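Student: Could we go through this model together, asking at each step what a term stands for and how a value earns it?

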Amino acid sequence: MSAESLIAEFGVEPGTGDRIPVVLIMLEQGALDNYVGYMTKKALVAYIHNLVFGFNDAIDVNCGLSLGGTFDTTINAYPYYPDLNYKLLASYGTLGEPEIEEIERTELVQILLNNDAEVKYPIHEIISAEWSGDAYDAEMGIISPQPDITLGEEFKTVRSSIPCYGLVQVKYTTIVHRYPLEITPRLNTDYNKYTSVVFAVYDGGLVWLQTEAPPGAEETEGDCFSGDTVDFGPDDDDKKPPTGEDADMVIRIDYCTGRELERYLT
Amino acid sequence: MSTGSLVIPFSAAPTDNESLLDDIWLTLEQASIPVMNESVYLKDITSMWNMVMTGASATNYVSQTCPVSVLNGVITIRLGVYVFPCSQDMQYTMTISNGEFGPMVQKDVSREFDLLFPQSDSVALDFVPNDDITFEWETDAYNEFGEMISRPEITLENNVVKMSASCFCVLRCKCTTLADYYPVFIYVVKAVDAEPTEEDLTRVATCKENCEALYGVGGSINANRYLPCIEACNKTKNANAAPDRTGYSISNLQSTVQATWMGSDGKLDDESLSLTIPECVKKLLEMCDDGTMKSPLYGIDDGSDKITTVYYSTCTGNILDVRDEYPDANKHLRKKRVSK
């Protein structure tokens with residue numbers, strides 16, 4: 001056995017010790033238009049018009065995919081620090097260069113006998129914060145003057161100077177980096193052709209987001225013009241029937257004759 | 001990004017794995033139908049137009065892609081359910097609340113999907129893949145601090161994909177898996193005769209009486225309990241009785257499949273799946289036997305200058321809401337609840 005003394009070195013391996021991963025960015029996929037992937041009634045009438053009069057006019061249907069079935073979407077990255085050094089990557093698809101924008105948002109947040117309330121996006125700057133109505137203490141007494149509202153310690157919080165109940169309308173700015181993401185359908189597969197995971201890596205953490213393809217895209221590669229994938233949009237008809245939860249009388253009606261069968265109070 | 005295929009070492013054959021013996025499970029999945037989510041097809045409209053142009057009636061047109069057939073007033077909906085058992089020799093029993101199963105066949109089902117490891121070292125699949133499984137790295141591997149690490153070794157134990165180290169990464173997984181496939185047939189009889197039978201009336205009256213005894217009468221009714229009671233009671237009719245014919249003319253829209261098996265602890269385990277009825281079938285069910293579509297709006301004229309519109313469920317006949325509209329005062333649309 002060697003007589004040399006051993007020197008033990010203690011170090012902190014990545015992922016161990018006192019380091020705690022931190023979230024420093026928020027990811028969000030840009031919203032699709034209301035009627036993407038759906039056939040509107042207007043387009044349907046246009047199609048029937050073509051049939052009746054023998055026209056061959058193009059039908060204005062937005063399947064959410066461009067020629068060749070490519071899905072173009074936007075990934076919005078909201079860094080908690082404007083100068084955060086991060087890298088956005090996609091498991092599938094091509095990310096373009098970001099457009100940086102400072103946007104203004106107004107939100108109504110609720111404070112529930114605590115100091116902090118959270119807004120949806122990381123706050124870059126608070127433009128204004130006004131109480132919507134009164135602020136109340138734990139005994140539901142009105143607090144006067146109303147507590148001050150300031151930026152909280154967390155990136156998405158506003159802070160009341162004292163714990164209370166109340167609603168605060170916060171107008172703030174947030175920095176967004178808009179990345180175009182182009183996803184071409186995977187070849188030689190019938191499954192999950194458009195799936196992709198977008199993730200941001202930075203010193204201290206990693207945040208990811210699973211993207212969503214337009215409705216019907218996985219089944220048809222957006223070939224909704226040929227007539228295989230047509231549905232009416234969810235908001236195509238403004239006469240939405242109520243849910244019935246607050247009805248206080250039930251009348252059973254024969255569906256096909258419209259005849260009343262029985263009625264009773266609920 | 002690397003796209004090289006990996007060879008997956010199998011640590012154990014499925015039949016001699018202890019965890020499998022301790023954990024008996026299966027998963028259910030409804031077979032996908034291409035037309036599952038669509039209710040209107042341009043090609044159907046074209047077909048209907050062509051029928052009309054050749055003098056044929058398109059009133060009762062049924063899309064050929066819709067998994068449904070109509071014969072003598074009976075609508076047969078054809079669906080399918082896959083069972084993915086944890087092992088091929090697993091014993092289980094299948095039941096269905098509405099409809100019946102056809103003969104089971106075993107099928108090799110292809111799968112291709114992204115497998116996300118969200119800072120974890122294992123992900124359980126809901127099926128046991130065959131040994132043809134391959135993985136492709138779609139991303140590098142990262143630790144929880146966003147640092148790239150060397151790609152961990154991937155292993156598969158039954159249905160669990162394991163990494164030699166916890167990480168974030170995305171793999172593209174391709175495989176086949178052996179599933180038990182059960183054809184499902186759901187039979188729906190639509191209303192032909194609007195008049196209730198004696199048996200229907202007796203059943204409805206008895207249910208009403210029983211539920212009122214339990215949950216109150218008139219204004220004191222506990223609606224949250226009364227309505228489910230009525231619905232449950234009405235479903236308990238004799239299985240050999242004539243199908244619903246009045247007020248419930250559209251029935252059997254719900255069907256639940258259940259698999260039951262003996263767990264490793266000696267207790268019965270089960271898994272249920274509520275079947276999704278394709279949109280095209282729903283549209284067909286909404287059609288009355290004379291081929292007309294009934295509007296969910298049912299107007300009541302009480303002689304005043306207002307128009308009362310009753311919204312009711314097309315399937316149950318339940319009133320959903322009542323709204324009064326005053327045509328003389330345009331844009332004056334008031335919601336009014338039915339007074340007790």
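Student: How much area does chain A expose, and what share of it do carbon and sulfur atoms supply?

Tutor: Chain A exposes about 15,300 Å², and carbon and sulfur atoms supply 50% of that area; accessible areas come from the Shrake-Rupley method with a 1.4 Å probe, and for residues only the protein chains shown count as cover. This is a predicted model, in which local features need pLDDT of at least 70 and side-chain atom pairs count only at pLDDT 80 or more, while totals for chains, interfaces and linings use all residues. Residues are numbered from 1 along each chain as its sequence is written, chains are lettered from A and ligands numbered from 1 in the order in which they are written, and side-chain values use heavy atoms, with hydrogens and water left out.

Student: Why is Asn188(A) called exposed?

Tutor: Exposed stands for a relative accessible area over 50%, buried for under 20%, and partly exposed for what lies in between (1.4 Å probe, protein chains only). Asn188(A) has 80% relative accessibility, so it counts as exposed. Asn188(A) lies in the loop between strand S8 (157-183) and S9 of chain A, and its phi is near 60°, a positive value in a residue other than glycine.

Student: What makes Asn158(B) buried or exposed?

Tutor: Asn158(B) has a relative accessible area of 7%, and therefore it is buried. Asn158(B) is not a glycine either, although its phi is positive at about 55°, and it lies in the loop between strand S11 (154-157) and strand S12 (160-189) of chain B.

Student: How many helices and strands does chain A have?

Tutor: Helices (H or I, at least four residues) and strands (E, at least two) are DSSP runs, numbered from the N terminus, and by that count chain A comes to two helices and twelve strands.

Student: What makes S9 and S10 of chain A a pair?

Tutor: Two strands pair if DSSP finds at least two bridges between them. Strand S9 (residues 197-202) of chain A and S10(A) have six bridges, in the antiparallel sense, and in one of these strands, S10(A), Val207(A) is the bridge partner of Ala200(A).

Student: Which strands form the open sheet with the order S3-S9-S10, and why do some of its strands stand at the edges?

Tutor: The sheet has three strands of chain A in the order S3-S9-S10, with antiparallel pairing. Strand S3 (86-90) and strand S10 (205-210) of chain A each have a single partner strand, so one side of each is left without a neighbour in the sheet, and they stand at the edges.

Student: How do H1(A) and H2(B) pack, and which residues make the contact?

Tutor: Helix H1 (residues 41-53) of chain A and helix H2 (residues 42-53) of chain B pack at an angle of about 35°, with their axes 11 Å apart; axes are lines fitted to C-alpha atoms, for helices over the stretch in contact, and angles run from 0 to 180 degrees between N-to-C directions. Contact means heavy atoms within 4.5 Å, and the residues that make it include Leu44(A) and Tyr47(A) of H1(A) and Ile45(B) and Trp49(B) of H2(B).

Student: What is the mean pLDDT of chain B?

Tutor: pLDDT is the predictor's confidence in each residue, from 0 to 100; its mean over chain B is 72, and 59% of the residues of chain B reach 70 or more. Over residues 239-249 of chain B the pLDDT is below 50, and this stretch has 35 contacts in the model beyond near neighbours in sequence.
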